[in-house]
Amino acid sequence: MNTETEKKIDELLSKMTVREKIGQLTQYSTNPREEGRIREMLRKGELGGFLCGTGCFNGDEEAAERNREYVNSLQREAVEGSRLGIPVIFGKDVIHGHNTVYPLPLALSATFNPELVEECYDLTAKEAANDGIMWSFAPMIDVSRDPRWGRCVEGIGEDPYLGEQMAAAVVRGFQGPTVEGLREHGNIAACAKHYICYGAAEGGRDYHKAEVSDYTLRNTYLPPFRGAVKAGVRTVMSSFNEISGQPVTSSRYLLTELLKDELGFDGFVVSDDRAVGQLQRQGVAANGEDAASLALNAGLDMDMDSMVYLDNLEKAVERGRVKEETLNEAVRRVLRVKFELGLFENPWATYVPTDREHDSAVARRAAGESMVLLKNEGGILPLKKGCDFTLMGDFYTEKLEQIGVWSSDFELDRVKSMEDGIKEVSPNTRVWRTDSTHSTVNANPAKGNDIVVVALGEGNLLEGEASSIASLELTEDQALTIRNARKFGKKVIGVLFYGRPMALEPVEHLFDAIIYAWHCGSETGTALADILFGDVNPSGRLPMTLPRVTGQVPIYYNLPSTCRPVDEYYGKEALLENYRDEFGTPMYPFGYGLSYTTFEYSFLRAKKSSLTMDEINSGAKFEIAVKVKNTGKVGGKECAQCYVRDVLASMTRPVKELKGFSKVYIEPGEEKEIVFTLGKDELSFYHADRVFAPESGKFTVYVGRDCYASDSIEIEIL
Ligand code: GLC
């Protein structure tokens, strides 16, 4: 915290009326239909932030310039037209790209490459800043173990540790490495959302209640937010859901005691869209004044879009339901971020040229590292450049669905379909399109064509907010297409463009090879072609378990052991079964992904196998080393993963928890040593009394290429 800034805030607060203070806690949409009212509110100091729409200029720089002028004209109303001239902050859902669209966040998690993800968001922030955006409502870091929940595609997957790393990478990408640098053009404030347990919605039904114990909340859902706070995130968005009867929007325990006091978050909390007013629908507020008082007293600083703060907080303060010091604390947090963004010196939207070619190359690299090779029987992939094949399925020429949900400022002319990518990477390839009803390939004149590629996917309307689905199996038409492809008696390659994990068991056996291609943004088609024809060796790993059937959900790897030896996630032989009608194992496990080469792990060891608790508490770490050799014929990136089991603890602990990963490029025949460090953070958990600390005792450490890793050693805290 900067003392100079705090003094400036003190000075401002001393001049502000109660209504002007409440104005800083009010965010509204830039709604052209209410232009006059909005401008008047700005002049009265009754608006502190905007929820922006901006728009799809599709490379039209004049349109983009007109937009900057519009944004600046609104800002001028506040800065030059209001009594105290406090600038307004423009926020927007910049979720996985802006003009250049990167893979969906879940797909970016599949890269297991935080440095690459940080680069994507650094470039995204620069493009958004050119459109006058100073604040993005991202990263969305809700751990999710239920692919029926449409918003799992916007998140970081099922794992707390992977989520923590990705959350920090996105915050650094948006904001830069330090808060001091936030004011530089091209850095924008990030927003860790949706705090908290939104991904635990019952039945995967969006907005529904989450029944989560404090123990599970802290050990499963909190780590990504801890990562974001440690990375310096400047805003947090509270979630719509309730947890065990308490809406997060009005939970002082969650918003103040845990997030602000315990984690030390010193930015501001913004509600989700109109969530403050919705406390009435949730039955804990009789009216707007109740809702406003409950939320502000809980520590919810800014009201998004419901106007409940502006319409009710003056009365609440007059009646003593809200103390003015509580109001001041919320305003302080909002002003602090505005000072850190440098808005008091330079509140204007300005343009700094970006390099579209460079950004597209990064998007192509990110898409290439997001896609996961799930199956490759007989090594039919990669294809030879110039080879012909039969193509079935409706995603071959698709563009709009490739860019994924929450993309509104994309440049469509730059989006590459699968067809575009193949034409660019293998121009001599002839693709014979056959619709799904064809049951014979004789109609296909392709000579020597022994491959059928099936390109299927899910549209954006079935993903994202308020888009949960009850069945994760492919549609009947899609299954028919695959069955017909199989009838051709050729090799069948599936390219699956789904943003969420799907339940593939009914069709998986019909494929010889499968590439899970998610929705990977502007460069989906080129990145896919790079993998199809071998220019890129696939290195993606699953950030969420792929179930066999919907009925297995929720299914995730880091489960505690049960009291009886059931046929657990890991497919161990067992006396008992999870189900009588289905395997207990997933279709594909967390962390899984194939390569065009093979890797061998050896010489797993701990440089020291025991440390005292004092050493651990003083910062000493276990060093776990392993050698990884590329035993195949082509170079490739391998993502070595380190899992830990706390063998005996005061609470049940997962049989495996990801606590380290490292992605390295290894040439054929080359061997590299990878070292993981396990210290206090990695070996701690929140105990029943909410203390976050390690316990002495033995830990089993597994290292391998996915959560089935079996090579293990033992370490001990004495
Ligand atoms: C939505 C979403 C949230 C988004 C906000 C503003 O309801 O829940 O993720 O940032 O409203 O669009």
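Buried, in these legends, means under 20% relative accessible area. Keep in mind that the views come from a predicted model.

**View 1. Strand 25, a largely enclosed strand.**
Strand 25 covers residues 697-704, and 7 of its 8 residues are buried, so the rest of the structure largely encloses it. On one side, strand 25 runs antiparallel to strand 20 (residues 636-646), and 6 bridges hold the pair together. Look for Tyr-702 here: this strand 25 residue is the bridge partner of Tyr-643. Strand 25 also pairs with strand 26 (residues 712-717), again antiparallel and with 6 bridges. Two of the facing positions can be picked out by eye: Phe-699 stands opposite Ile-715 of strand 26, and Thr-700 stands opposite Glu-714 of strand 26. As a reminder for anyone tracing side chains, in a regular strand they alternate between the two faces of the sheet.

**View 2. The mixed sheet that holds strand 25.**
Step back from strand 25 and you get an open sheet of 5 strands in the order 18-26-25-20-21, with mixed pairing. Its edges are strand 18 (610-611) and strand 21, each of which pairs on one side only.

**View 3. Lys-659, a buried lysine in strand 21.**
Lys-659 sits in strand 21, which spans residues 657-666. The relative accessibility of Lys-659 is 14%, and because the cut-off for buried is under 20%, this lysine counts as buried. Setting aside neighbours within four places in sequence, the contacts of Lys-659 are Tyr-161, Cys-642, Tyr-643, Val-644, Leu-678 and Glu-682. Tyr-643, one of those contacts, is also the residue bridged to Tyr-702 of strand 25.

**View 4. The parallel sheet, strands 4-3-2-1-10.**
This one is another open sheet of 5 strands, and here the pairing is parallel, with the order 4-3-2-1-10. Strand 4 (135-136) and strand 10 (303-304) are at the edges with a single partner strand each, so one side of each has no neighbour in the sheet. Further in, 3 bridges pair strand 2 (residues 49-51) with strand 3 (residues 89-92) in the parallel sense. A pair of phenylalanines marks the spot: Phe-50 stands opposite Phe-90 of strand 3.

**View 5. Domain 1 and domain 3 side by side in one frame.**
The chain is divided into domain 1 (90-340), domain 2 (356-538) and domain 3 (599-717). This frame picks out domains 1 and 3, whose C-alpha centres are 31 Å apart. Where these two domains touch, 18 residues of domain 1 are in contact with 17 residues of domain 3.

**View 6. The largest pocket, between domain 1 and domain 3.**
Both domain 1 and domain 3 give residues to the lining of the largest pocket, so the pocket lies between them. Its volume is about 470 Å³. There are 24 lining residues, and those nearest the centre of the pocket are Arg-145, Thr-216, Thr-220, Tyr-221 and Tyr-556. Sorted by class, the lining of this pocket has 10 nonpolar, 7 polar and 7 charged residues. The largest share, 5 residues, is supplied by helix 8 (residues 214-221).

**View 7. Helix 8, mostly covered.**
Zoom in on helix 8 and you will find 6 of its 8 residues buried. They are Tyr-215, Leu-217, Arg-218, Asn-219, Thr-220 and Tyr-221. What do the buried residues of helix 8 pack against? Their partners are helix 7 (160-175), helix 9 (223-230), strand 7 (242-243), helix 10 (252-262) and strand 23 (685-686). Thr-220 and Tyr-221 are worth a second look: they are among the buried residues of helix 8, and they are also among the residues nearest the centre of the largest pocket.

**View 8. The largest cavity, about 110 Å³ in volume.**
The model has 5 cavities of 30 Å³ or more, and the largest cavity, shown here, has a volume of about 110 Å³. It is lined by 15 residues, with Glu-61, Ala-64, Asn-99, Asp-131 and Arg-356 closest to its centre. Helix 4 (61-79) and helix 6 (114-130) are the elements that contribute two or more residues to the lining of this cavity. Helix 4 gives the largest share, 3 residues. By class, the lining of the largest cavity has 3 nonpolar, 5 polar and 7 charged residues.

Conventions:
Residues are numbered from 1 along each chain as its sequence is written. This is a predicted model: local features need pLDDT of at least 70, side-chain atom pairs count only at pLDDT 80 or more; totals for chains, interfaces and linings use all residues. Side-chain values use heavy atoms; hydrogens and water are left out. On a 1 Å grid over the protein atoms alone, a cavity is a set of points where a 1.4 Å probe fits but cannot get out, and a pocket is an open set with protein on both sides within 12 Å along at least five of seven lines; lining residues have an atom within 4 Å of a point. Grid points are joined across faces, edges and corners, and a volume is the space filled by probe spheres set on the points. Helices (H or I, at least four residues) and strands (E, at least two) are DSSP runs, numbered from the N terminus. Ala, Val, Leu, Ile, Met, Phe, Trp, Tyr, Cys and Pro count as nonpolar, Asp, Glu, Lys and Arg as charged, and the others, Gly among them, as polar. Domain bounds come from an automatic or database domain assignment. Buried means under 20% relative accessible area, exposed over 50%, partly exposed in between (1.4 Å probe, protein chains only). Two strands pair if DSSP finds at least two bridges between them. Contact means heavy atoms within 4.5 Å.
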